[in-house]
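Trainee: I should be grateful for a close look at a single part of this model, namely the helix that serves as a packing partner for others, together with the pocket beside which it appears.

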Amino acid sequence: MAPRQDIPAEFLDGYAQVVADASATGRRLTRDELDGRRALGERAAEKGLGLRDLVAAHLAQLRTDTVGARAGLDGVVTVGAQALDAFAEGYERAQRLTMRQEEAARRDFIDDLLYGRSDLGQLAERAERFGLRLSSGHAVAVARGPVAYEEGGAVPREIERAVTTRFGNRHILLTAKDGRLVCIAPGDQQEVLAYFAEQACAAGGGGQVAVGRPQSGPGGVVQSYEEALNALDLAARLDLDAPLLRAADLLVYPVLTRDRQAMADLVQHTLGPLRGARGGAQPLLDTLTAYFDSGCVSAEAARRLALSVRAFTYRLARIHQLTGADPADPVHRYTLQTAVIGARLLDWPGPAPVHPPAPSPRSPS
């Protein structure tokens with residue numbers, strides 16, 4: 001095996017002499033000799049030399065007449081392998097250290113990128129190292145799976161492999177963050193994020209993926225990331241079960257909750273009377289939710305609630321009676337539907353109160 005690149009003599013320094021001396025007497029290499037080979041291996045890794053070429057260069061030295069004349073073949077092979085093993089150990093140790101440093105730098109960069117905690121100019125310079133060009137717009141997709149994603153886990157690796165195999169190096173960055181999987185891609189390549197969402201739902205065995213809107217500049221990544229996180233939060237609060245959520249399609253909800261007090265007043269004014277119903281407000285609130293989610297089709301809404309159509313229409317009539325708003329009237333319907341959305345966002349009416357059990361009558365003494 002001949003080396004494919006020239007290996008500087010400094011990395012082979014003393015190898016043939018050490019092998020010849022040790023194999024001639026049948027001894028093993030000393031601690032100092034092994035430490036010397038490990039140190040050379042570390043330096044070779046830091047210089048970026050290929051391990052296969054280094055091994056080939058060492059084996060070529062074992063074939064010299066000087067080594068062969070001073071020791072038998074078995075001794076040369078034994079001691080040569082011992083010295084090479086120490087050299088490779090040092091090489092691998094340096095590589096592991098470099099990898100840990102790269103991983104730490106990558107984690108720091110991702111934290112700064114997603115949370116906007118660094119100077120934007122410096123952030124753009126660091127981004128080039130990780131394959132991103134922040135001068136253009138980017139969009140962020142965030143996947144939430146049935147179980148938390150871990151950096152380096154089997155599922156994230158499978159998803160990353162699928163995306164990079166399909167699209168190659170298109171300035172895409174995938175990472176696990178806070179138990180979710182994050183994909184950052186150029187804003188004009190929405191097909192990348194759509195494919196990422198498809199792979200995340202398939203490989204993760206379910207879950208949801210939210211995609212933020214494309215935003216420009218280094219700060220745009222933060223904005224798109226926050227939009228994706230907010231979309232996942234909205235989905236949890238509103239029981240939205242679509243596998244793919246686009247922040248652009250959910251803009252009405254942040255608008256509705258921008259004035260939280262006004263929304264709370266609307267909910268209380270419109271739906272507050274439902275508290276007076278037998279069983280409280282929740283069953284009638286569920287009735288309105290099913291009615292609006294089914295396109296105001298009573299038969300479909302009744303099926304969703306496992307009610308007869310007659311029982312369902314009775315509930316609608318009861319809502320009309322209590323609130324004064326008729327769900328079948330287009331004008332009233334808009335107010336009721338907005339109030340229902342607000343109730344879900346504000347977690348109204350909240351958990352049902354727990355009443356202590358009535359004391360049992362005491363038997364006469």
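Mentor: What follows is an account of helix H15, its partners and the pocket it helps to line.

The model is a predicted one, and the description should be read with that in mind. Helix H15 covers residues 330-345. One of its partners is helix H11, which comprises residues 260-271, and the axes of these two helices lie 9 Å apart at an angle of about 120°. That angle makes H11 oblique to H15. The crossing of the pair is left-handed. On the H11 side, the residues in contact are Met263, Leu266, Val267, Thr270 and Leu271. They meet Thr335, Leu336, Thr338, Ala339, Val340, Gly342 and Ala343 of H15. Sorted by class, this contact contains eight nonpolar residues, four polar ones and no charged residue.

A second partner of H15 is helix H12, which runs over residues 282-293. The axes of H12 and H15 come within 10 Å, and they cross at roughly 115°. H12 is therefore roughly perpendicular to H15. This crossing, too, is left-handed. From H12, the contact takes in Leu285, Leu288, Thr289, Phe292 and Asp293. Their counterparts in H15 are Arg333, Leu336, Gln337, Val340, Ala343 and Arg344. Here the classes divide into six nonpolar, two polar and three charged residues.

The two contacts can be read side by side. Leu336, Val340 and Ala343 of H15 appear in the contact with H11 and again in the contact with H12. Charged residues are absent from the contact of H11 with H15, whereas the contact of H12 with H15 includes three.

The largest pocket brings H12 and H15 together once more, as each of these helices supplies at least two residues of its lining. The space in this pocket amounts to about 250 Å³. Its lining consists of 13 residues, of which Asp239, Gln282, Leu285, Asp286 and Arg344 are the closest to the centre. Two of these names have already been met: Leu285 of H12 and Arg344 of H15 both belong to the contact between those helices. H12 contributes four residues, the largest share of the lining. By class, the lining has five nonpolar, three polar and five charged residues.

Beyond H15, the chain has a further feature that merits inspection. The segment after H15 holds proline 349, and a cis peptide bond joins this proline to tryptophan 348, with omega at about 5°.

In summary, H15 is oblique to H11 on account of the angle of about 120° between them, and H12 is roughly perpendicular to H15. The lining of the largest pocket draws at least two residues from H12 and at least two from H15.

Methods: Residues numbered from 1 in each chain as written. Predicted model: local features only at pLDDT ≥ 70, side-chain atom pairs only at ≥ 80, totals over all residues. Heavy atoms only, no water. 1 Å grid on protein atoms, 1.4 Å probe; cavity = no way out; pocket = protein on both sides within 12 Å on 5 of 7 lines; lining within 4 Å. Points joined across faces, edges and corners; volume = space filled by probe spheres on them. Nonpolar A, V, L, I, M, F, W, Y, C, P; charged D, E, K, R; others polar. Axes fitted to C-alpha atoms, helices over the stretch in contact; angles between N-to-C directions. Parallel < 35°, antiparallel > 145°, perpendicular 65-115°, else oblique. Left-handed = near helix turned anticlockwise from the far one by under 90°. Contact = heavy atoms within 4.5 Å.
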